[in-house]
Amino acid sequence: MTAPDGETDAAVIRRSRHDPEAFALLYDRHAAAMYRYVVRRLGDGPADDVVAECFLAAFTRRDRYDFSRADARPWLYGIAARVIGKHRRTEVRLLRALARTGADLVAEGHADRVDSRVTAAALQRRLAGVLAGLPEGDREVLLLIAWADLSYAEVADALAIPVGTVRSRLSRVRKTIRDALAGQDPTLLAEELYS
Amino acid sequence: MNDLDLVAGLRAGLPEPPSARLAVGRARLTAAIRSGNKPVTARSRRMRVNRTAVAICLGAVAAAAAAALVLTGGPGAVPSQHLTAGSSRTVVTAAWTVREDANGTVTIYLREYANPAGLQQTLRADGVNAIVRPMPSHTATGPRGLPGSRKLPLPTVTSCYYATTNNAPPAVQRAVVTIVFQDFPTGRGGAMRVATFVIHPHAMPPGSALFLPYGTHSLAPPINGYPRVKALWPVVLKNNTVPACVPVIK
């Protein structure tokens, strides 16, 4: 990312080697998106600590940053992947709860829940079940693309894997999802209003 | 919409973190940097104070959400009207609600298929070059009633397949359209979860159009007297050329 003043993330990180507090500028640029990404994956509870750990870990590793990369997002999300990985059980538990009961504990913290009998769309429940059952590496690739809006190359950077591996993992995951949702029309999202 | 869009839509309605919460995180990071990289936990007195501030902020957000809920009227009968409330502009009809917020985002809540021309006009007035089209939805077609047809199966048009050659790139789709699920009371203690479309007009490329096909779910029973709506995820087209509806028959 390049700020309006033209200073890239890489330049900010380089500057922070001599002026450590300049690193907070990186937080200003990316923390909001990182928070949202972490909350989507782990719920609201651990988000503060996870995001804090990500940025602190990034700060301590800033000397090893590849300064040819102007945008620090892949680097930050790669660190986030490792931190989130420590909470894998929480993530899977939340997804399985959504798949089993239709109650999304992640979303509940952010919406006025009118009635406990309200359930998520069947399609979401089935999708959550698929996500819970994915190998960790596959889920990481999928969610970095779908939720963090990283490109294939950026995901490869973030996870330190070849782009070809990103493609093959994503292809495998998408086939798994399509197979699991077979029989439901994925183009119809807003039709089912549950009572 | 493909499987990747489905994943992108899961939990897509989560709000941005409150600025107070981000400020707490920034303070933690700065404190850790100043203290020689030692993590600053949320257990300190300073953090407890700041968390109170966050709680107050979250409360304010919840109140704002409740106000929006009242404004959109939920699924109950709402007379046609044109409202201006605070910093947002909302057009409410019995069939649909369109709200334009001060930041330019436009939220569409569909209740039933009616007055599509009015919906299109309202969206365009809000800066969304919208193309609203009816979508066949469980509409029975075929040989019923024709002589000699009684033994033939009755084909049912369930939806449309639209060629994707005119679609804007996936990144544009994700930037322009998000889905937010909201819960609405239906009376007598019931409730339902409704998908609302949140459109970000500023992310639409010049010359592009938002294609919104929807229709009435004629085979599903109504809720609280309202027919159920079946809609496709709005699609950003590169231009105003609408793809042809190829009926999907089951």
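**View 1. Chain A, burial and surface.** Just over the halfway mark sits the burial figure: 53% of the 195 residues of chain A count as buried. This is a predicted model, and the accessible surface of chain A works out at about 8,300 Å². Carbon and sulfur atoms own 50% of that surface.

**View 2. Chain A, helix after helix.** Chain A has 10 helices and 0 strands, so walking along the sequence reads α-α-α-α-α-α-α-α-α-α. If you take the contacts in chain A with a separation of 6 or more, 65% of them link residues 24 or more positions apart.

**View 3. Chain A, where to trust the model.** The mean pLDDT of chain A is 83, and 83% of its residues reach at least 70. Confidence peaks in helix H4 (residues 73-85) of chain A with a mean of 96, and bottoms out in helix H6 (residues 105-108) of chain A at 72. Then there are the shaky bits: residues 111-120 of chain A stay under 50, with 30 contacts beyond four places in sequence in the model. Residues 184-195 of chain A are also below 50, and that stretch makes 49 contacts beyond near neighbours in sequence.

**View 4. Thr105(B), tucked into a loop.** Thr105(B) sits in the loop that runs between strand E3 (96-100) and strand E4 (106-110) of chain B. Its relative accessible area is 11%, under the 20% cut-off, so Thr105(B) counts as buried. The side chain of Thr105(B) makes a polar contact of 2.9 Å with that of Asn103(B). Beyond four places in sequence, Thr105(B) touches Arg99(B) and Glu100(B), plus Val198(B), Ile199(B), His200(B) and Pro201(B).

Definitions and conventions
Residues are numbered from 1 along each chain as its sequence is written. Chains are lettered from A and ligands numbered from 1 in the order in which they are written. This is a predicted model: local features need pLDDT of at least 70, side-chain atom pairs count only at pLDDT 80 or more; totals for chains, interfaces and linings use all residues. Side-chain values use heavy atoms; hydrogens and water are left out. pLDDT is the predictor's confidence in each residue, from 0 to 100. Helices (H or I, at least four residues) and strands (E, at least two) are DSSP runs, numbered from the N terminus. Contact means heavy atoms within 4.5 Å. Buried means under 20% relative accessible area, exposed over 50%, partly exposed in between (1.4 Å probe, protein chains only). Accessible areas come from the Shrake-Rupley method with a 1.4 Å probe; for residues, only the protein chains shown count as cover. A polar contact is a pair of N or O atoms within 3.5 Å; within protein, one must be able to donate a hydrogen and the other to accept it, and residues adjacent in sequence count only if both atoms are side-chain atoms.
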